[in-house]
Amino acid sequence: MYDLAILGGGPAGYVAAENAGAKGLKTILFEKRELGGVCLNEGCIPTKTLLYGAKMYDHATGSKKYGVTAENVAFEYKKMADRKTKVVRKLVAGIKMKMEHAGVEVVKGEATIVRGDEKSVTIACGETSYEAARLLICTGSEAFVPPIPGAESETVLTNREILALTQAPDSLIIIGGGVIGMEFASLYNSLGIPVTVIEMLPEILGGLDKEISESLRGIYTKKGVKFNLRCKVTAIEGNIVRFTDAEGNEQSVEGDKILMSVGRRPTLKGFGLENIAVETERGIKVNEYMQTSMANIYAAGDVTGFSLLAHTASREGEVAVAHMLGKEDKMEYNAIPGIVYTNPEVSCVGLTEEQAQAQDIEYKLSKIPMTYSGRFVAENEGQMGLCKILTDTNDKILGVHMLGNSSSEFICAACMAITNGLTADDLRRTIFPHPTVSEILKEGLFEL
């Protein structure tokens with residue numbers, strides 16, 4: 001019998017497996033596709049690899065601003081796609097090596113929960129059955145395709161299909177202006193491909209700081225992306241998307257490809273969840289230790305339906321294993337960073353102004369352009385950017401929201417501040433390296 005069986009080898013599953021194996025738990029991990037899950041194979045990593053290629057193209061075509069002349073600049077999408085595949089394969093191999101080092105048994109195949117009680121769980125994969133004392137469910141999420149007439153058209157792609165393209169589309173319509181939608185808008189806009197975004201909400205990037213979302217939309221509007229806000233898609237006819245605008249008027253737009261990017265939903269079917277007595281709501285219900293309604297069954301990652309982010313999933317996997325081992329640890333969600341890898345990028349953590357106002361939380365606000373950082377000015381010609389810092393009445397950091405390149409590399413400093421209850425004075429006394437864009441955090445604190 002195994003100490004722990006894990007369904008799903010994504011960021012929650014493989015991190016949990018490595019931790020469990022390294023701590024001496026006899027662990028088996030089931031994955032029906034490739035280790036790394038959606039994030040590594042069909043999401044985070046391939047998208048960012050392509051986005052980096054697009055950023056290189058941006059740098060080359062805009063190099064005159066920096067005194068550099070580049071002639072006959074061109075991109076080869078096939079080579080960009082090939083590099084993406086190479087990067088993914090390298091990282092998948094790295095995870096396989098981690099599993100070997102931790103002594104984790106990996107079974108590739110579609111696993112099904114046959115039965116389970118508070119003593120053990122039985123899992124079938126192929127013609128073999130496996131018994132484990134504990135189960136960790138990390139089956140992730142899948143792209144949600146709403147019941148729009150014509151959504152089954154061959155021109156309609158989800159993140160999986162669009163990342164499999166080896167040739168760039170002539171034009172792209174994106175249904176949904178969330179994080180995934182905006183990243184693909186950034187990618188193809190950088191390559192000079194016409195992009196149209198259709199969003200049902202009043203603003204793109206719903207849930208993020210409104211001012212930063214508006215600013216990013218303004219930047220991409222100037223770059224040529226067409227935005228249709230407060231619009232509801234009513235039908236897809238081949239490569240034509242029909243929608244009603246904010247005034248109720250019927251509109252349509254035509255594109256070579258259509259990206260369906262309206263969100264994801266937990267994967268709850270197809271692996272025998274109905275054969276165990278765990279409670280579900282939007283996803284599998286868990287407590288702060290990632291424990292389900294059955295004491296020996298845990299769930300982590302997107303399948304819980306709470307925070308559909310890879311780094312959240314990894315942390316949840318760590319918490320679940322810690323609880324199995326009797327260690328004091330629990331999951332907290334007040335400092336989960338969010339990044340939008342557009343150009344410029346958006347980085348945020350903690351409360352937004354809108355959330356603080358909705359919760360009647362008194363706050364103080366610092367708001368400064370990213371140009372307060374010398375390195376930002378040196379490396380981002382013609383850009384202003386924005387840094388917003390919220391503190392409570394006792395000067396504790398509540399939230400940090402930034403629009404500007406390289407902010408994703410130091411948002412973790414704000415995460416640590418919120419996680420550890422640090423105040424503005426705590427950060428003011430911290431020595432930041434100069435010149436770095438991270439100094440913007442310290443500059444912003446002096447405005448409070």
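## A tour of two helices, a sheet and a cavity

Start by selecting residues 44-61, helix H3, together with residues 179-190, helix H6: their axes come within 9 Å and cross at roughly 35 degrees. Keep in mind along the way that this is a predicted model. Turn the view until one helix lies over the other, and you can check that the crossing of H3 and H6 is left-handed.

Now show the side chains where the two helices touch. From H3, pick Thr47, Lys48, Leu50, Leu51, Ala54, Tyr57 and Asp58; from H6, pick Glu183, Phe184, Ser186, Leu187 and Ser190. Colour them by type and you will find six nonpolar, three polar and three charged residues in this contact.

Next, switch to a cartoon view for the sheet. Five strands form an open sheet with parallel pairing, in the order E8-E15-E9-E10-E11. Select 156-157 for strand E8 and 226-228 for strand E11 to see the edges, where each strand pairs on one side only.

Then move inside the sheet to residues 172-175, strand E9, and residues 257-260, strand E15. These two run parallel and are joined by four bridges. For one pairing to zoom in on, take Ile174, whose bridge partner in E15 is Leu259.

Stay on Leu259 for the last stop, as this residue also belongs to the lining of the largest cavity. Select its companions there too: Ala143, Phe144, Thr158, Asn159, Ile180, Met260, Ser261, Val262, Gly263 and Arg264. The lining divides into six nonpolar residues, four polar and one charged. The space they enclose comes to about 70 Å³, and the count of cavities of 30 Å³ or more is one.

Technical notes. Residues are numbered from 1 along each chain as its sequence is written. This is a predicted model: local features need pLDDT of at least 70, side-chain atom pairs count only at pLDDT 80 or more; totals for chains, interfaces and linings use all residues. Side-chain values use heavy atoms; hydrogens and water are left out. Axes are lines fitted to C-alpha atoms, for helices over the stretch in contact, and angles run from 0 to 180 degrees between N-to-C directions. A crossing is left-handed if the near helix is turned anticlockwise from the far one by less than a right angle, and right-handed if clockwise. Contact means heavy atoms within 4.5 Å. Ala, Val, Leu, Ile, Met, Phe, Trp, Tyr, Cys and Pro count as nonpolar, Asp, Glu, Lys and Arg as charged, and the others, Gly among them, as polar. On a 1 Å grid over the protein atoms alone, a cavity is a set of points where a 1.4 Å probe fits but cannot get out, and a pocket is an open set with protein on both sides within 12 Å along at least five of seven lines; lining residues have an atom within 4 Å of a point. Grid points are joined across faces, edges and corners, and a volume is the space filled by probe spheres set on the points. Two strands pair if DSSP finds at least two bridges between them.
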